[in-house]
Amino acid sequence: MDCLPRELVPEILSRLPIPSLVQSKSVCRAWRIFIHDQEFVDKHFKRMIDNDPSFILQIIGNPIQNQLYFGDFSSHPNGGNVMITKKLTIPPLSNFHLVSSCNGLLCLRFTHPSFGLCIYNPFTRDYIELPKIITRNPASHHGSVLGFGLDPTTKKYKVVEVSYKGITCRTLPRRVAISSMRRPPLTAAYASSSIESEVYILTVGSPTWRNLGRFPFHFMWQKSQVLVHDKLHWIYYPDTINATDLIMSFDLANEQFNEVPRPDFISSDRRFRELVVLRGCLSAVSSDNEGLEIWVMKEYDVRESWIKEFSIGTYVPRILQPNDQCESSNNSRFYLPKRSIRVLCQLRSGGILLEYRNKALVIYDPHCRIFHDLQVTFAGISTYFRIVVHVASLNWIEIT
């Protein structure tokens with residue numbers, strides 16, 4: 001190693017995938033110090049953004065629960081439609097649920113018995129348990145939506161939790177209540193809502209959560225958080241039956257909610273069913289019986305920049321087809337509800353990565369309009385999984 005020119009070492013290391021970079025820390029003390037330098041971390045992260053994203057997958061089928069896998073496309077020697085996964089060491093905690101990811105850190109929620117939160121670095125194996133929220137009447141809260149991201153001004157990580165009450169998770173599985181602090185006064189229709197929510201925020205390293213107040217709007221529940229321009233995003237609905245779906249952002253720096261303009265020219269029979277990030281742009285997915293439409297906001301917060309960039313027809317992956325069927329997977333007799341399909345990301349090739357029923361991954365080629373089933377292996381395990389799109393970067397938890 002001493003034969004390598006000094007200026008060449010950072011160029012080599014900054015191009016390594018995360019697992020290899022973590023192993024490189026054991027080469028010598030100088031490399032370990034260098035890899036932990038913030039300037040190098042930033043450089044490595046910028047290079048990773050230009051590549052296909054990596055993924056964190058959690059096995060969620062019984063009897064296997066607490067297993068995390070790191071997956072990417074670059075590690076397969078022959079390329080093709082194969083994702084190679086590597087089992088990760090999990091923290092010594094009780095059962096947990098993978099909530100979100102930011103800059104290589106995972107936000108995990110314990111499922112039993114405390115229902116607490118922790119931030120975990122799966123590559124350095126560092127983790128910290130977060131303090132619990134202290135509420136005036138904790139028994140009245142029935143669910144929550146979480147967000148996790150980096151404050152660009154303070155370089156501190158923050159966790160946002162919207163806790164709601166007045167309705168059970170069984171009754172309201174995909175929405176919680178929230179509003180913008182800059183919205184007009186409540187009308188009688190809004191005031192009649194049976195849901196009340198409170199928004200809390202924690203700066204990682206702080207001993208207590210801060211209460212940002214109570215709000216009466218609904219957030220749509222989504223499997224993955226959407227972080228664009230240092231803001232978390234959700235679809236929300238005013239508390240009316242025929243309300244138009246809107247987009248709300250939460251700025252991690254000034255801790256304010258703001259409405260993001262939606263495209264006015266989307267057809268009236270379609271509604272946004274999820275938000276996603278495609279190559280750094282805020283995007284929205286709508287659906288009907290013909291398939292999915294993906295709208296992309298090319299210039300952030302500019303209404304006129306929304307364009308319908310992708311139209312994706314119906315498809316059922318082979319793994320979800322009946323075993324006794326040999327027909328084409330595009331046959332209309334194979335029906336898959338649109339809510340069971342999730343848009344994950346756009347690859348460098350231009351393909352769209354889709355998830356079907358937490359079971360199958362498919363790459364859609366928008367140029368040829370062809371679907372390619374993606375082979376995913378979990379060291380011999382074939383079961384359901386939860387996936388988080390994860391732009392991997394070496395990071396560590398620094399408490400001040």
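Here are three short exercises, with worked solutions, on a predicted model.

**Exercise 1. A network of charges**

Task: Find which residues are linked with Glu255 in a network of salt bridges, and trace the pairs one at a time.

Solution:
- Start with the pair of aspartate 151 and lysine 158, whose closest N and O atoms are 2.9 Å apart. Both of these residues are buried.
- Move on from lysine 158 to glutamate 255: these two form a salt bridge as well, with 2.8 Å between the closest N and O atoms. Lysine 158 sits in strand β9 (residues 156–165) and glutamate 255 in the loop between β16 and β17, so this pair ties together parts that are 97 residues apart in sequence.
- Now look at arginine 210, whose side chain meets that of glutamate 255 in a salt bridge of 2.7 Å, N to O. Because arginine 210 belongs to strand β12 (residues 210–215) and glutamate 255 to the loop between β16 and β17, the parts tied together here are 45 residues apart in sequence.
- Put the pairs together, and the network links Asp151, Lys158, Arg210 and Glu255. For context, a search of the whole structure finds 11 salt bridges.

**Exercise 2. Glutamate 255 up close**

Task: Decide whether glutamate 255 is buried or exposed, then look at its backbone and at its partner arginine 210.

Solution:
- Take the relative accessible area of glutamate 255, which is 12%. Buried means under 20%, so glutamate 255 counts as buried.
- Compare arginine 210: its relative accessibility is 35%, so it counts as partly exposed.
- Turn to the backbone. Phi of glutamate 255 is near 60°, a positive value in a residue other than glycine. This residue is placed in the loop between β16 (246–251) and β17 (257–260).
- Histidine 229 also has a positive phi, near 55°, and is not a glycine either. Histidine 229 is found in the loop between β14 (226–228) and β15 (231–237).

**Exercise 3. Reading a sheet**

Task: Work out which strands stand at the edges of the sheet β18-β19-β20-β21.

Solution:
- Write down the order: four strands, β18-β19-β20-β21, form an open sheet with antiparallel pairing.
- Check the partners. β18 (272–278) and β21 (306–312) each have a single partner strand, so they stand at the edges and one side of each is left without a neighbour in the sheet.
- Add the geometry: on average, neighbouring strands of this sheet are turned by 30° against each other, direction ignored.
- Zoom in on β19 (residues 281–288) and β20 (residues 291–297), which run antiparallel and are joined by six bridges. Serine 286 stands opposite glutamate 293 in β20.

Terms used. Residues numbered from 1 in each chain as written. Predicted model: local features only at pLDDT ≥ 70, side-chain atom pairs only at ≥ 80, totals over all residues. Heavy atoms only, no water. Pairing = 2+ DSSP bridges. Helix = DSSP H or I, 4+ residues; strand = E, 2+ residues; numbered from the N terminus. Axes fitted to C-alpha atoms, helices over the stretch in contact; angles between N-to-C directions. Buried < 20%, exposed > 50% of the residue type's maximum accessible area, 1.4 Å probe, protein only. Salt bridge = Lys/Arg side-chain N within 4 Å of Asp/Glu carboxyl O.
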